[in-house]
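Visitor: I'd like to go through this fold with you at the bench. Could you show me the structure first?

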Amino acid sequence: MSENILIELKGLTKRYGYGDTETFALKDFDLTIKRGEFIMIMGPSGCGKTTLLDIIGLLDRATHGEYILGGENVAGISSRRQAKLRAKKIGFVFQNFNLIEDLPIIENVALPLVYTGYTKTSRLKQASRALGRFHLQEREYYYPYQLSGGQQQRVAIARAIVGSPEIILADEPTGNLDSRSSHIVMEELKSIHEEGNTIIMVTHNPSLTTYATRVINMLDGQIDTDIKTVADSNLPQPVSVKIKKRKKKSTPAIELPAKKSKKRQKSRRKK
Ligand SMILES: Nc1ncnc2c1ncn2[C@@H]1O[C@H](COP(=O)(O)OP(=O)(O)OP(=O)(O)O)[C@@H](O)[C@H]1O
Ligand SMILES: [Mg+2]
């Protein structure tokens, strides 16, 4: 069973400031996340949602507590190791898209692949394929300002998944979008989830919780309510998520659950 546990947070505390300015963004926070969950995190402004996502995404560290990611305690590891793990396992989507304005979108999408050892040509090919998935291939040499908000967020999602991470973290990804674009973005996240990826998303919009398998409400740095709407046994299993074909000689930059499961299926068939 435990192999299905992807993330364990135990007694996480994040404190900012000291004395009069002391604030606890997270207080003794415990959370276990299984592979294949689509978690929506809600709660009032300032309750610690972004802090939580930043710590899970290895962009920030807790003041105390344990963070176990894929069986490895990552709370105390070096920044370098954190950056490596982040590149391999985690894709981010932000409210403001966070695209680099003076790079064409194909280069924006290729950015997470910079440290993977692929050649630039290969990185651009993979980015192009990722953009194709979101129907933006024809615009790959456009600059972000030439796209609508919804299109920019789809570019950001393409960038988040280009390295085939198993975790997607999204901080109010529809916060700056109209309802039609929000819907398109949510459908994209849904299909990424159905392929077996784990998604943790912060939102202020209760109507989006229909996409989630679990809804967590936070209050003052702690969990207020935690409701699973889909049984663990019904969570999607990793299938072929992957948008890129890998040449045999390249070292995979990430874990490939899809390949593993195919192998397992084959060996089962042989038996
Ligand atoms: N760099 C920082 N320095 C000091 N306090 C901070 C810092 N970052 C966050 N905080 C505080 O930590 C608390 C949690 O902030 P966080 O950004 O996680 O909230 P949030 O739930 O994401 O809010 P919102 O819905 O407005 O985005 C807040 O009280 C905030 O003021
Ligand atoms: Mg926030």
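Visitor: Let's start with Thr51: is it buried or exposed?
Guide: Keep in mind that this is a predicted model. Thr51 sits in helix 1, which covers residues 49–56. The cut-off for buried is under 20% relative accessible area. Thr51 comes in at 12%, so it counts as buried.

Visitor: And which residues is Thr51 in contact with, leaving aside its neighbours within four places in sequence?
Guide: Thr51 belongs to helix 1, and its partners have lower numbers in the chain, from Lys14 to Leu26. With the sequence neighbours set aside, the list reads Lys14, Tyr16, Ala25 and Leu26.

Visitor: Which strands does helix 1 lie across?
Guide: Against strand 7, helix 1 runs at about 155°. Helix 2 (residues 79–89) also lies across strand 7, along with strand 6, and makes an angle of about 80° with strand 6. For helix 1, the strands are 3, 6, 7, 8 and 9.

Visitor: Which strands stand at the edges of that open sheet?
Guide: The sheet has six strands with mixed pairing, in the order 6-7-8-3-9-10. An edge strand has a single partner, so one of its sides is left without a neighbour in the sheet. That description fits strand 6 and strand 10.

Visitor: How much does the twist average from one strand to the next?
Guide: We're still on the open, six-strand sheet with mixed pairing. Going from one strand to the next, the twist averages 15°.

Visitor: Which residue stands opposite Phe92 in strand 7?
Guide: Strand 6 spans 90–94, and strand 7 takes in residues 167–171. The two pair in the parallel sense over five bridges. Across from Phe92, the residue in strand 7 is Leu169.

Visitor: On to charges: how many salt bridges does the count come to?
Guide: Side chains of opposite charge can pair when their charged atoms come close. The rule here asks for a side-chain nitrogen of Lys or Arg within 4 Å of a carboxyl oxygen of Asp or Glu. By that rule the count is nine.

Visitor: How many residues apart are Lys34 and Asp232?
Guide: Their side chains meet in a salt bridge at 2.8 Å, N to O. Lys34 is in strand 2 (residues 23–34), while Asp232 is in the loop between strand 10 (222–228) and helix 7 (257–270), so the bridge links distant parts of the chain. Lys34 counts as buried at 18%, and Asp232 as partly exposed at 28%. Along the chain, the two are 198 residues apart.

Visitor: Which residues are linked with Lys34 in a network of salt bridges?
Guide: Asp232 already bridges to Lys34. Asp232 also meets the side chain of Lys228 at 3.3 Å, N to O, and Lys228 is partly exposed at 41%. So the residues networked with Lys34 are Lys228 and Asp232.

Visitor: What about Arg214 in its salt bridge with Asp226: what is the relative accessible area of Arg214?
Guide: The two side chains meet at 2.8 Å, N to O. Arg214 lies in strand 9 (residues 214–219) and Asp226 in strand 10, 12 residues apart. Asp226 is partly exposed at 36%, whereas Arg214 is buried, with a value of 5%.

Visitor: Last one: what share of the residues in the chain is buried?
Guide: The chain has seven helices and 10 strands. Its accessible surface comes to about 13,900 Å², and 49% of that belongs to carbon and sulfur atoms. Of the 271 residues, the buried share is 47%.

How values were computed. Residues are numbered from 1 along each chain as its sequence is written. Chains are lettered from A and ligands numbered from 1 in the order in which they are written. This is a predicted model: local features need pLDDT of at least 70, side-chain atom pairs count only at pLDDT 80 or more; totals for chains, interfaces and linings use all residues. Side-chain values use heavy atoms; hydrogens and water are left out. Helices (H or I, at least four residues) and strands (E, at least two) are DSSP runs, numbered from the N terminus. Buried means under 20% relative accessible area, exposed over 50%, partly exposed in between (1.4 Å probe, protein chains only). Contact means heavy atoms within 4.5 Å. Two strands pair if DSSP finds at least two bridges between them. Axes are lines fitted to C-alpha atoms, for helices over the stretch in contact, and angles run from 0 to 180 degrees between N-to-C directions. Accessible areas come from the Shrake-Rupley method with a 1.4 Å probe; for residues, only the protein chains shown count as cover.
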